[in-house]
Amino acid sequence: MTGPGILRARILAGLRHGFTTREGGASLGRHESLNLSPTVGDDPAHVRENWERLRAATGLAFARVRQVHGCRVVEASAGADPAEEADAVSTSVAGVAACVSVADCVPLLLADPRSGAVAAVHAGWRGTMDGIASAGVRALVERHGARPGDLLAAVGPGIGPCCFEVSRDLAIRFRDGVDRTAAVARERGSRVDLWRANELLLRRAGMGRNRIELLGRCTSCEERVFFSHRRDEGVTGRQVAFIAAVS
Ligand SMILES: [Zn+2]
């Protein structure tokens with residue numbers, strides 16, 4: 001049996017982190033195979049088994065939240081199943097991993113090499129527009145004394161500009177509200193680039209350009225590697241992104 005599929009960001013080398021893929025789990029059918037969400041219609045025994053495999057492979061305690069496409073960042077001091085409503089988690093407790101789950105929405109992992117504090121952020125289009133990326137940076141600054149210029153970030157697998165077709169109105173809102181390079185607005189086939197939008201928002205929050213890595217992996221394009229809510233028409237699993245604090 002192979003272990004759970006986990007991708008890493010070069011920029012976070014040396015930190016315990018990862019973006020799970022759909023590979024190496026026990027789930028079947030539409031949730032094949034490493035589905036990590038208990039609320040998407042999968043067999044609960046399979047989901048438990050998948051979490052056991054991830055815990056065994058990483059040795060981490062995962063601090064999770066009930067994601068609601070908002071902008072709240074919860075501070076975690078221990079592993080927790082999703083209960084609190086929030087869309088990002090920060091922590092400075094060694095061995096505790098800030099963790100968000102996604103299947104098209106973009107996961108952002110942030111790390112402060114100076115304090116060892118970290119954050120995981122769930123950025124769908126709504127959260128991106130509302131500034132969840134800067135809320136993640138702010139949490140590390142205000143709670144852990146981080147300087148934005150010191151932070152490292154990885155923008156993980158999510159639906160890419162290749163596949164994220166939106167209404168013309170939404171594309172215009174991104175061009176006006178974020179940046180004209182974050183969307184293409186046409187009568188037909190308007191696109192939003194959530195990777196680019198979040199990179200820009202992190203930079204506006206004070207991060208350096210060369211301290212942000214875009215993985216550039218599209219969940220919708222890569223059917224064998226990732227779950228995609230849009231491609232799979234809403235019946236699919238969830239992958240997670242996680243990063244552990246260092247003491
Ligand atoms: Zn794509």
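Searching the whole of this predicted model turns up 2 aromatic pairs. In one of them, W51 and F62 meet edge-to-face, with 5.3 Å from centre to centre and 70° between the planes. This pair links distant parts of the chain: W51 sits in helix 1 (residues 44–58), F62 sits in strand 3 (residues 61–63), and 11 residues separate them. F62 and F242 also form an edge-to-face pair, at 5.3 Å centre to centre and 80° between the planes. Since F62 belongs to strand 3 and F242 to strand 14, this pair ties together parts that are 180 residues apart in sequence.

Put the pairs together and you have one aromatic cluster made of W51, F62 and F242. Are these rings buried or exposed? W51 is buried, with a relative accessible area of 5%, F62 is buried at 4%, and F242 counts as buried at 1%. Here are the pairs side by side.

| Aromatic pair | Centre to centre | Angle between planes |
|---|---|---|
| W51 and F62 | 5.3 Å | 70° |
| F62 and F242 | 5.3 Å | 80° |

Let us stay with strand 3, which also holds A63. A63 is buried, with a relative accessible area of 2%. If you leave aside its neighbours within four places in sequence, the residues in contact with A63 include A76, A78, V89 and C99. A63 and D81 make a good example of how the fold brings the chain together: they are 18 residues apart in sequence, while their C-alpha atoms are 6.7 Å apart in space.

Now look at R64, in the loop between strand 3 and strand 4 (73–76). Is R64 buried or exposed? Its relative accessible area is 11%, so R64 is buried. A polar atom of its side chain lies 3.4 Å from the backbone oxygen of L36. Again leaving aside neighbours within four places in sequence, R64 is in contact with L36, P38, W51, A80, D81, P82 and C99. You have already met W51 in this list, as a member of the aromatic cluster.

Next comes helix 3, which covers residues 132–144 and has 13 residues. From its first C-alpha to its last, helix 3 reaches 18 Å, close to the 18 Å expected at 1.5 Å a residue. Its buried residues are I132, A133, A135, G136, V137, A139, L140 and H144. What covers them? The cover includes strand 4, strand 5 (88–91), strand 7 (106–111), strand 8 (118–123), helix 2 (125–130) and helix 5 (194–204). After helix 3 comes G145, whose phi is positive, near 70°.

Finally, find the zinc ion. Which residues coordinate the zinc ion? They are C162, C163, C218 and C221, each through its SG atom, at 2.3 Å. The 4 donor atoms subtend angles of 103 to 120° around the zinc ion, and therefore the arrangement is tetrahedral. For comparison, the ideal angle for four tetrahedral donors is 109.5 degrees. Along the sequence, the donor residues follow the spacing C-C-x54-C-x2-C. Within this set, C163 and C221 link distant parts of the chain, 58 residues apart. C163 is in the loop between strand 9 (152–155) and strand 10 (165–166), while C221 is in the loop between strand 13 (212–214) and strand 14 (239–244). C163 is partly exposed, with a relative accessible area of 22%.

Conventions. Residues numbered from 1 in each chain as written. Heavy atoms only, no water. Donors = N, O, S within 2.8 Å, 3.2 Å for Na, K, Ca; no water. Tetrahedral: all angles 85-135°; square planar, octahedral: opposite > 155°, others 65-115°. Helix = DSSP H or I, 4+ residues; strand = E, 2+ residues; numbered from the N terminus. Buried < 20%, exposed > 50% of the residue type's maximum accessible area, 1.4 Å probe, protein only. Phe/Tyr/Trp six-rings, centres within 6.5 Å; stacked < 30°, edge-to-face > 60°. Polar contact = N/O pair within 3.5 Å; in protein donor to acceptor, adjacent residues only side chain to side chain. Contact = heavy atoms within 4.5 Å. Expected span 1.5 Å × (residues − 1).
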